[in-house]
Amino acid sequence: MRRRVLQATLLAVAVTVLVLGLPLGFSALKVVEDITRSNLSTRAQQIATRLDEQIAAGRPIDLSDVRLVVPDEARLTVHIRGREYVLGPVPGEDPVVETVSMVQSGSVRLAVPSGPVRTRQLQMAGVVLMLAVLSAGTGTLVATLTARRLAEPLRHVAARANRLGAGDFRSDPKRHGVPELDRVADALDASGSALSHLVQRERELIGDVSHQLRSRLTALQLRLETLAETGEEATAEEAAAALEQAERLSGVLDDLLAAATAARARDAEPLDVSNELGDVATEWRELLRSAGRTLRLRVEEGLLARATPARLREAIGVLLDNAVRHGEGPVTLAARHGSGTVVVEVSDSGPGVPEQLVHHVFERGFSAGGSTGVGLALARALVEADGGRLELSSARPAMFEVFLPVARADDVLGMPWKTDSTPR
């Protein structure tokens with residue numbers, strides 16, 4: 001996009017320079033020659049008038065009276081009554097010549113060398129060329145700034161759309177002052193909010209369906225086991241067959257739930273959690289600093305987990321936002337190796353979660369501080385979508401822990417390793 005805007009603007013500048021520069025240059029050359037000829041014509045007319053006065057007074061032709069009117073290096077030739085009078089050197093080849101008629105049936109001819117005229121024309125052409133170059137340079141600068149001003153917002157909006165498609169549903173407050181792009185950003189924020197609610201409803205629906213089906217299947221299996229043990233032989237056989245079908249149905253249910261979880265986690269990839277959390281900390285430090293608080297980052301090196309970058313950023317962002325809104329003191333973002341997992345911890349020094357609310361913090365609609373109550377529920381849904389889990393490990397002070405599955409060996413071998421070893 002930036003290159004296209006730049007090319008279009010530069011093309012317009014080039015066309016403008018050609019359309020205006022060429023006629024301007026030609027006009028400048030013509031003006032120099034016209035000025036020279038006009039000056040020669042004026043001088044020749046003055047000479048003719050003076051010589052007409054000499055003839056009218058009965059005096060012989062005396063060119064010394066008009067010497068001051070003749071330009072330097074110019075040649076004056078007067079034809080009158082069959083005689084020719086000459087004053088000045090030969091002007092060389094291809095001179096600039098002007099001839100005027102005298103009253104006394106004669107003519108005055110002034111010729112000057114063309115070299116000085118051509119020099120002034122070249123000088124004027126150089127000025128026009130400099131103006132053209134200056135115009136092109138100014139146009140290039142304006143085109144570059146315009147392309148950058150248009151391209152950067154477009155890239156930002158495109159990146160926001162990519163993050164939304166990858167599962168990062170956080171709203172982005174950044175606007176660019178371009179009404180059309182700002183409307184697109186507003187639409188993306190609205191879509192992100194709608195998708196976050198959709199993800200939560202999907203998780204709740206799957207959880208409710210799973211719970212209800214398992215409860216009914218368990219009750220059915222218990223009844224069938226009772227019938228199989230206490231009924232008649234025919235009834236027991238039918239009960240055993242039905243019990244077998246119920247067990248198969250339970251297995252099918254487990255497979256369906258596992259397939260749903262795998263489908264949600266299909267975008268999960270081997271992720272360097274250490275680098276990812278470093279980027280998240282950089283993003284949130286300024287916000288915490290503006291609130292008079294600090295962010296401490298304690299992350300072990302070489303933490304590799306299977307997760308979707310956008311989902312992990314969203315979940316950690318929700319936890320950090322929760323610490324900013326409801327916590328106090330410095331916020332700590334830590335990560336370490338666990339038992340077959342990578343554990344990410346977010347904690348603060350605030351009063352924590354009241355005891356009576358501990359079991360409800362992840363419920364949709366719950367809020368301890370007047371917010372919408374969808375953040376922690378969404379964070380848990382996003383973490384679970386990648387096969388992890390999110391828990392409140394400590395209520396006072398509040399500490400949330402994200403458990404992510406460790407990347408498999410075959411995934412790690414295929415990772416594009418980074419050589420950046422900058423300490424965090």
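**Exercise 1. How many helices and how many strands does the chain have?**

Before we start: this is a predicted model, where local features need pLDDT of at least 70 and side-chain atom pairs count only at pLDDT 80 or more, while totals for chains, interfaces and linings use all residues. Residues are numbered from 1 along each chain as its sequence is written, and side-chain values use heavy atoms, with hydrogens and water left out.

Solution.
- Take helices (H or I, at least four residues) and strands (E, at least two) as DSSP runs, numbered from the N terminus.
- That gives 8 helices and 11 strands.

**Exercise 2. Work out how S8 sits among its neighbours.**

Solution.
- Start with burial, where buried means under 20% relative accessible area, exposed over 50%, and partly exposed in between (1.4 Å probe, protein chains only).
- Strand S8 (residues 331–337) has 5 of its 7 residues buried, so the rest of the structure largely encloses it.
- Now the pairing: two strands pair if DSSP finds at least two bridges between them.
- Strand S6 (residues 295–299) runs parallel to S8, joined by 5 bridges; Val 299 has Ala 335 as its bridge partner in S8.
- Strand S9 (residues 341–347) is antiparallel to S8, with 6 bridges, and His 337 is partnered with Val 342 in S9.
- The S8 and S9 hairpin has 3 residues between the strands, and Gly 340 there takes a positive phi near 75°.

**Exercise 3. Find the residues with the most contacts inside the largest nonpolar core.**

Solution.
- A nonpolar core is a set of buried Ala, Val, Leu, Ile, Met, Phe, Trp, Tyr and Cys residues joined through side-chain atoms within 4.5 Å.
- The largest one has 39 residues, and Ile 316, Val 344 and Leu 404 have the most contacts inside it.
- Helix H6 (residues 309–326) gives the largest share of this core, 7 residues.
- Leaving out residues up to four places away in sequence, Ile 316 touches Leu 277, Val 280, Leu 333, Val 344 and Val 402; contact means heavy atoms within 4.5 Å.
- There's also a second, separate core of 25 residues, with Val 66, Ala 74, Val 96 and Val 100 among them.

**Exercise 4. Which residues line the largest cavity?**

Solution.
- On a 1 Å grid over the protein atoms alone, a cavity is a set of points where a 1.4 Å probe fits but cannot get out, and lining residues have an atom within 4 Å of a point.
- The lining is His 156, Val 157, Arg 160, Asp 172, Lys 174, Arg 175, Ala 185 and Asp 189.
- Helix H2 (114–166) and helix H3 (179–230) each supply at least two of these lining residues, and H2 has the largest share with 3 residues.

**Exercise 5. Track down the unusual backbone geometry.**

Solution.
- Recall the background: most residues other than glycine have a negative phi, and most peptide bonds are trans.
- Glu 73 isn't a glycine, yet has a positive phi of about 65°; you'll find Glu 73 in the loop between helix H1 (2–56) and strand S1 (75–80), exposed with a relative accessible area of 53%.
- Asp 94, also not a glycine, has a positive phi of about 50°; Asp 94 is in the loop between strand S2 (83–87) and strand S3 (96–101), and is exposed at a relative accessible area of 54%.
- Finally, the Arg 396 to Pro 397 peptide bond is cis, with omega near -10°, and Pro 397 lies in the loop between strand S10 (389–394) and strand S11 (399–405).

Terms used. On a 1 Å grid over the protein atoms alone, a cavity is a set of points where a 1.4 Å probe fits but cannot get out, and a pocket is an open set with protein on both sides within 12 Å along at least five of seven lines; lining residues have an atom within 4 Å of a point.
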